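Here is a friendly walk through one protein model, written for someone who likes to see how the pieces pack. Keep the viewer open as you read.

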Amino acid sequence: MTLPARGPRSSLLSSPALPRGLGVGVGLLLAVGTALTGGAPGPGERALYDFAVSRLLPPLPPTADLVLVEVDDRALAALGERWPLSRATWAKAFQALAAYRPNAVVVDVLFDAPESRDALDLGEDVLERLRTSGLTRTPEGASLASDLEARLYARDGDARLTEAFSGLGTVILGSMALTEDAGGLPARGDPLTPVPLDADRLRLGARGLSTNLAPLRLAAWSSGTLNVLLDSDGVIRRYPYAVRVDGKAWPSLALATALRLWPERSEPLLRVASTDDGAPLMRLPAPDWLPRVSLADVLAAGPSSVGLDLALRGKTVFVGVTATGLHGQSTLPGQLAVPGVEIHAFAMDNLRTGRVLRSTGPAELLGTVETALVLGLLLWRRRRARSLGAVVGQAALLLAAHAAFVGWLLADPGWVVPLLPAVVGAVLVTLTEAVARTADLQRQSGALKRLFGRFPREAPASLDGEPEAGPGREASRTAPGEPQP
């Protein structure tokens with residue numbers, strides 16, 4: 001007795017439903033992981049995002065009310081100084097700017113330590129001895145003391161810079177949030193004050209603040225932090241409009257400037273600044289977006305310069321260093337190293353126009369739902385497809401619609417949703433479907449072979465219509481001379 005042959009074992013592990021489910025699961029996990037880690041761009045998507053914002057999205061239009069006064073290579077050569085510039089030089093620069101009456105002067109420089117006073121202390125000791133010796137009673141001694149006092153006054157850079165800030169009245173200084181050192185916090189009455197944002201939700205946190213000298217801070221109009229957010233690849237994609245220190249939200253240089261210039265719009269400005277936990281993705285400017293003026297021209301030209309008057313009067317002036325090798329080497333998507341002062345300038349323009357990109361909240365929820373919808377439609381459509389080519393065509397059509405939808409969200413409402421999770425899931429499901437359909441075709445071909453192999457083939461007929469004799473078959477005719485049966 002022979003046992004019947006066993007057919008192929010059917011189990012969950014051998015079913016193509018499990019690989020299909022794994023493909024969909026991988027896509028959904030990527031979408032959920034992107035949402036949990038702060039929103040798009042997620043793993044593997046940064047290059048796509050950089051290409052989109054630098055090549056596909058239109059850049060910010062040139063601005064007419066912002067201008068950059070830069071400490072460039074030409075300014076350093078004209079001044080004959082090395083960086084950092086002396087406080088006396090800075091005082092002359094701000095006094096020259098005051099003649100053009102700008103709306104605000106935003107300074108991307110930190111004056112956190114006093115200049116060396118060795119020479120000043122020595123000069124003051126000499127002046128005091130002249131006065132106590134009685135030599136100042138003579139005309140020569142009085143002239144010497146007056147000349148020495150004038151020189152000491154001019155050489156006291158910190159005092160002269162404080163006077164220049166007071167004369168301008170609209171200087172906005174920068175401070176630095178410290179992640180490792182506790183630093184210090186501004187006292188009451190300081191121009192650097194916290195803003196009413198939820199500090200616990202801010203992306204950037206620090207232990208303390210490094211601020212400017214007290215006389216400079218008190219003479220300033222406002223102050224804000226200079227920090228930026230760097231991704232692991234060294235590219236700046238988000239701008240932190242506030243930083244969390246000691247449970248409070250301290251404004252950035254861009255936010256502090258906007259709040260001072262447009263106090264009547266403080267609520268909408270703070271609402272935009274709170275996007276994506278205080279650090280939204282940025283729209284990028286064109287390379288020639290910000291008009292530039294060299295500090296050498298500001299110091300060399302007099303207050304009657306018509307060109308500088310047109311360039312600076314009534315404008316918001318950003319002051320910072322752009323000389324080769326002196327500014328930060330951080331890059332923007334698709335661009336080379338960009339000075340920090342320019343980043344603060346176009347971050348403020350993003351803020352006042354509301355042109356920031358959102359990737360959390362409704363955007364991350366929509367991205368997860370849209371990924372699930374694309375993969376669910378693919379699973380449904382592949383059942384109705386009669387061939388593998390039809391499955392591939394349906395997957396390609398869905399992914400094209402997915403890419404168009406993601407691009408429209410980025411360009412119009414400014415929502416950044418993940419692109420790759422749906423693509424990865426769709427590719428895995430399509431590959432699984434290809435393997436499963438290929439295996440089905442092989443099984444069907446084998447079954448047909450076994451089915452037709454059970455039936456013997458009919459012997460070919462001879463010329464007279466009788467079947468030919470073959471192995472194992474008796475001849476239908478008797479040999480000649482033998483009797484018929």
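Two strands are said to pair if DSSP finds at least two bridges between them. With that in hand, note that the model is a predicted one, and let us start with its strands.

**A sheet of three strands**

Strands E7 and E8 pair in the antiparallel sense, with four bridges between them. Within this pair, Val245 stands opposite Lys248 in E8. The hairpin of E7 and E8 has two residues between the strands, and Asp246 there takes a positive phi near 55°. On to the other partner of E7: two bridges join strand E7 (residues 242-245) to E4, and these two strands run parallel. Gly205 has Arg244 in E7 as its bridge partner.

Put together, the strands form an open sheet in the order E4-E7-E8, with mixed pairing. Strand E4 (205-206) and strand E8 (248-251) each have a single partner strand and stand at the edges, so one side of each is left without a neighbour in the sheet.

**A strand covered on both faces**

Next, look at strand E2. In a regular strand the side chains alternate between the two faces of the sheet. Which residues of strand E2 (residues 104-107) are buried on each side? Ala104 and Val106 are buried on one side, Val105 and Val107 on the other, and both faces of E2 are thus covered.

The pairings of E2 can be set side by side:

| Partner strand | Sense | Bridges | Example of bridge partners |
|---|---|---|---|
| E11 (residues 316-321) | parallel | four | Ala104 with Thr316 |
| E3 (residues 171-178) | parallel | two | Val106 with Ile172 |

**A helix with a buried face**

Helix H10 (residues 266-273) has four residues to pick out: Leu269, Leu270, Val272 and Ala273 are buried. Viewed down the axis of H10, the buried residues fall within an arc of 160°, so they line one face of the helix. What do the buried residues of H10 pack against? Their partners are helix H9 (253-261), helix H11 (275-278), helix H14 (340-353) and strand E12 (356-357). The face of H10 turned away from this buried side carries Glu267 and Arg271, which are exposed.

**A buried glycine**

Now move to helix H1 (residues 17-36), where Gly27 lies. Is Gly27 buried or exposed? Gly27 has a relative accessible area of 0%, which means that this residue is buried, as the cut-off for that is under 20%. Leaving aside residues up to four places away in sequence, Gly27 touches Thr371, Leu375, Pro421 and Gly425. Gly27 and Val429 are 402 residues apart in sequence, yet their C-alpha atoms are 9.8 Å apart in space.

**The second largest pocket**

Last comes a pocket that you may want to bring up in your viewer. The second largest pocket has a volume of about 340 Å³. Of the 19 residues that line this pocket, Leu48, Ala52, Val406, Leu410 and Leu419 are the closest to its centre. Which elements give two or more residues to the lining of the second largest pocket? They are helix H2 (46-56) and helix H16 (388-411). By class, the lining of the pocket has 17 nonpolar residues, one polar and one charged.

Definitions and conventions. Residues numbered from 1 in each chain as written. Predicted model: local features only at pLDDT ≥ 70, side-chain atom pairs only at ≥ 80, totals over all residues. Heavy atoms only, no water. Buried < 20%, exposed > 50% of the residue type's maximum accessible area, 1.4 Å probe, protein only. Contact = heavy atoms within 4.5 Å. 1 Å grid on protein atoms, 1.4 Å probe; cavity = no way out; pocket = protein on both sides within 12 Å on 5 of 7 lines; lining within 4 Å. Points joined across faces, edges and corners; volume = space filled by probe spheres on them. Nonpolar A, V, L, I, M, F, W, Y, C, P; charged D, E, K, R; others polar. Arc of directions from axis to C-beta.
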